[in-house]
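Hi,

Here's the structure I promised to pass on. Have a look at it first, then read my notes below.

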Amino acid sequence: MSHTVRIVLVLFTGLGILSWGVLELVSSTRRSWFAEPAQQRFPPRTEEWRPPRLDLVAQRETLVRQSVVLAFGGLALCASAATLLLRRRPWRQWSQALREPPRGGVPGPEHRPVLQDAKPLVDRPRVEKEEGDLGRWTPQRLKQTLRQSLEGEHVVVVANREPYIHERGADGGLKVSHPASGLVTALEPVMRACSGVWVAHGSGSADRETADAKGRVRVPPGEESYLLRRVWLSREEEQGYYAGFANEGLWPLCHMAYARPTFRLEDWKHYQAVNQKFVDAVCEEVDSEAPVILVQDYHFALVPRMIRERLPKATVITFWHIPWPNAEAFGVCPWRNELLQGLLGSSIIGFHTQLHCNNFAEAAGRFLESRIDREQTAVVHQERTTLIRPYPISVEWPNRWVKDALTPEECRASVWKELGLAPDALLGIGVDRLDYTKGIEERLLAVERLLEHSPEFRGRFSFAQLAAPSRTTIERYRQLNDSVESLAARINRRFGTATYQPIILMRAHHEPPDVFRYYRAADVCYVSSLHDGMNLVAKEFVAAREDEQGVLVLSQFTGAARELSEGLIVNPFDFEEASRALATGLAMSEEEQRVRMRAMRAVVSEFNVYRWAGQMVMDAARVRERGRLTERLTVHAVALR
């Protein structure tokens, strides 16, 4: 006889005994009442006659009422106890099976799905300890983490910029170039380590002829470790989505560089259409119903929600590479609610700093019907929870260009010869796209102030600005190009000679090995961003200096200033302070340079780009595991009812 049947029999036996007891009590009361002599019940009238005493009847009624209440109370307790006993044993058996399979056997089929999802959560502290013991994050460790945490799933990256551009040269030959993009600098090493698919806009003149019918090509050339899926855009789409809404609207909206954002309805329509086109491409490239998708930057604010509608079980991690403004500033966007709702389709949204996380949560709380979970740092919107996390982005370590690079001394000799510098010359460098948020004009004005106040540097110090042309179809960028050229010419006329130029303006695209060579040759690198999410130029310069020499002058308005505090931190709007920092850097002893650079290199090596990606992967794994476990437990709880 089963345990459940025994409990049911005991329950009904108890109910029978209680019922019999109640009936017997009522019957005995009636018998005792009618058994009394009539004279006692109805005494004869006498001169001293009084109404019959009713206290005995009242006592009997009270006794019966109390007995019935107690009987039914006991019945309720018995039923509750039986219910608990009926549920407790199966629950205990099921929980025990979760903790430890039966000796000599395996869990039953009803336990296996929950065990599969619960075990990673139980094992997480042990796994994290083991991962912590592995030391520095490397491509191998990232790949191992991906395999353990996400069961080896390939990652799909959605980014506007492609990592490799195929173009036809003037001579008709095919050339592969790397775009001047911090996003590509950070993500490309991650994709080489993790494999997967990179979905991007195919912008090169030879991109179509080097891809297959679906726009696919394996990269990097010669290594072919991951797949690049190119999306083709018309000239109107590119102008409206990229130059228009993304870079005339969102870019100035998110940067406090005093450029007014421009919002046009036609640009917004193109932005919506292009976001949908990229989602279509992503859905063609995924190989499961629960893929891991990394959405990159402000070009694709609508993509997370669109993916969620198509792939409800997908794990979508969105990383916003630029600053997120405060709620008042963000509120000027006519489509602020649509942007927020689009981003909240993500499982996780990442920013460079906690401040940007706070700004986003504030905007979501102000403009949407949402709840801010301060304990988890999450936004709950339409019964979906989106985690908001700071993930400071970084560069690969060690830098892959180190292996084939010249020594710092050889780089210095090469650059000196290329620029025609005197043997005792001092060199400062800046490496940027020509963008008004990078503070290039302010940088040149600081150099001018240095030469004004420190005559000893005239004729000896030159500043080389490597400036890649950017977004030249936008009027604000064309104005910046003309302004920088005019400013450099004026400073050179003022302080230059026939054999000396204080400002060397190099407006051209430079490939990473060439930039790396300048990093290793320079005495000072000045990063003067007026507002920046992170700025990877600062970290690239530090990663390039194996000789532990060189000085970093860094704007306080970059995310990197929070990590590279051993640099000379300045306000780029304060030309006096910036010029003094340049003078300090040029006069700094080799020993002090070594101490500062060693400390910064320790930070960059520890918090490299593989750690950045690994933290997101592990957080994504936790989200997936908890979601699966919650789903299984809900199904099991329903089944037990």
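How many bridges join β16 to strand β17, and which way do the two run? There are four bridges, and the strands run parallel. Keep in mind as you read that this is a predicted model.

You'll find β16 at residues 524–527 and β17 at residues 551–555. As an example of the pairing, V527 sits opposite L554 in β17. Between them comes helix α18 (residues 536–544), and β16, α18 and β17 together form a right-handed β-α-β unit.

β16 has another partner too: strand β13 (residues 426–433) pairs with β16 in the parallel sense, over two bridges. Here I429 faces C525 in β16. As for the side chains of β16, V524 and Y526 point one way, C525 and V527 point the other way, and all of them are buried.

Now for the pockets. The largest one holds about 1000 Å³ of space. It is lined by 34 residues, with R161, I165, S203, E238 and Y242 the closest to its centre. Helix α8 (235–254) gives the largest share of that lining, five residues. By type, the lining splits into 10 nonpolar, 13 polar and 11 charged residues.

The second largest pocket has a volume of about 780 Å³. Its lining has 24 residues, and K313, V623, R624, G627 and R628 lie nearest the centre. This time α21 (609–640) gives the most, with seven residues. The lining here divides into five nonpolar, seven polar and 12 charged residues.

Cheers

How values were computed:
Residues are numbered from 1 along each chain as its sequence is written. This is a predicted model: local features need pLDDT of at least 70, side-chain atom pairs count only at pLDDT 80 or more; totals for chains, interfaces and linings use all residues. Side-chain values use heavy atoms; hydrogens and water are left out. Buried means under 20% relative accessible area, exposed over 50%, partly exposed in between (1.4 Å probe, protein chains only). Two strands pair if DSSP finds at least two bridges between them. A crossover is right-handed if, with the strands pointing away from the viewer, the path from the first strand over the helix to the second runs clockwise. On a 1 Å grid over the protein atoms alone, a cavity is a set of points where a 1.4 Å probe fits but cannot get out, and a pocket is an open set with protein on both sides within 12 Å along at least five of seven lines; lining residues have an atom within 4 Å of a point. Grid points are joined across faces, edges and corners, and a volume is the space filled by probe spheres set on the points. Ala, Val, Leu, Ile, Met, Phe, Trp, Tyr, Cys and Pro count as nonpolar, Asp, Glu, Lys and Arg as charged, and the others, Gly among them, as polar.
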